[in-house]
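Dear colleague,

Please find below the structure that I am handing over to you. My notes on it follow directly after it.

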Amino acid sequence: PKDKAALELKQWWHDRRNDLIALGREHGAAYVYDRATLTAKAKALRALPGIEGVFYALKANWHPEIIKLFAELGLGFECVSRFEVEHVMKTVPSLSKQKILFTPNFAPRAEYEWAVEQGIWVTLDNLHPLKAWPELFKGRDVFIRIDTGYGRGHHDKVRTAGVHSKFGVPLFEMDELERLVKAAGAKVVGLHAHTGSGVFSVDNWKSVGDTLTALTARFKDVRIVDLGGGLGVPERLGQQGVVLSEFGETLAALKAAHPKLTLWIEPGRYLVAEAGVLLAQVTQLKGKGEVHYVGVATGMNSLIRPALYGAHHEIVNLTRLDDLPTEVVNVVGPICESGDTLGTDRLLPPTQEGDVLLFATAGAYGRAMSSTYNLREPAIEVLV
Ligand code: LLP
């Protein structure tokens, strides 16, 4: 029976592999999201001790089916534009307004005016709205995004603190913030910070918790502390992501020290990155002396992360899973830019036109950051 189970499993994988190859061949390029992984990730975060609100940062992936699934599983949504808020409201009309947190930066006055009227949670990440449009916030509950002074994450472009980051109200402006809040007649009910994206050490959220809870002595109406998102996921084989049990211990300790505060988090990547892959069919091969290129049907128009951050996505030739990897190649797309590379110096089995390559951990900030550059439509999306 043991052998039988192993054989069945092998057959199962074989069938799934063939399903994926068929999708890649049918569409040339496709993002594929796995509902079971999405569900497991959401449930794991909901089960964390000490946390009462998980607000999915839907900038990572706003596929309507993913939003519906997360809403069913009890998640709220962190939105950074009026358009994201409207998208959530349209996708899940029954969603409570209390499950939407609006955290724009440098948005125009009209977006705040609209948002406060909706009765959703609104975050201010600058003094400007309070100085220039105090009338909007009279008698309103607001969140303030704090710049903790320390930024963290997988790349300079995704670290969001310190004077060289455009985000948050710096700690040295707290006196003025207090005055402006009072003058506007607003109430600070929540404090919020997000230090960056792709963070692996749970010490990050401990220090964010310490920084924010220290401010509650000054802002007496605060009852919610939002520790941000940023949970890193493994992108290379063998890499360790955030250890959820350690994360939970940190949250539980913070909650025990501040039992009256409600703790929230707002991850994006953690919930969707590993649930998604990009498939792309091989179009052409080229060798320039020692350097070999494998061209695929889509490039930075679907997945800009390697070009923008030097981000790593594992690449697998699904068509030749059983072949030995013997070639070192650069995997490139069809876009007219030298930066249009999806993987550099990758070890792959000898590849041929028509093969289907899989790009891993592509569920977050993949399709969401895609474009129609060169008038090439990005990969379509499929939920399985
Ligand atoms: N909250 C706020 C206020 C944020 O700005 C972000 C991400 C998140 C939560 C969610 O962060 P996550 O849990 O996904 O790390 N495009 C980059 C990531 C940019 C993140 C922007 N803000 C990438 O592809 O790595």
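A residue is called buried if 20 or more other C-beta atoms lie within 10 Å of its own, exposed if 12 or fewer do, and partly exposed in between, with C-beta atoms placed from the backbone. Helices (H or I, at least four residues) and strands (E, at least two) are DSSP runs, numbered from the N terminus.

Residues are numbered from 1 along each chain as its sequence is written. The model is predicted: local features need a pLDDT of at least 70, side-chain atom pairs count only at pLDDT 80 or more, and totals for chains, interfaces and linings use all residues.

The chain averages a pLDDT of 96 (the predictor's confidence in each residue, from 0 to 100), and 100% of the residues score at least 70. For the complex, the predictor gives an ipTM of 0.99 and a pTM of 0.96.

**Helix H2**

On H2, Ala36 and Lys43 are exposed, while the buried residues on the other side are Leu38, Lys41, Ala42 and Leu45. These buried residues fall within an arc of 95° seen down the axis of H2 (the arc of the directions from the helix axis to the C-beta atoms), so they line one face of the helix. H2 covers residues 35–46, twelve in number, and reaches 16 Å from its first C-alpha to its last. This is close to the expected 16 Å (1.5 Å times one less than the number of residues).

**The ligand shell**

The ligand is surrounded by 21 residues (C-beta atom, placed from the backbone, within 6 Å of it). The closest are Ala57, Ser197, Gly229, Gly268 and Tyr365. By type, the shell divides into nine nonpolar residues (Ala, Val, Leu, Ile, Met, Phe, Trp, Tyr, Cys and Pro), four charged (Asp, Glu, Lys and Arg) and eight polar (the others, Gly among them). Helix H10 (269–272) and helix H11 (305–309) each supply at least two residues of this shell. At least three come from each of domain 1 (19–32 + 273–383) and domain 2 (35–271), the bounds being those of an automatic or database domain assignment.

**Two residues with positive phi**

Most residues other than glycine have a negative phi. Thr361, in the loop between strand E16 (356–359) and strand E17 (380–383), has a positive phi near 40°. Asn374 lies in the loop between E16 and E17, and its phi is near 65°. Thr361 counts as buried because it has 24 C-beta neighbours inside 10 Å, whereas Asn374, with 14, counts as partly exposed.

Yours sincerely
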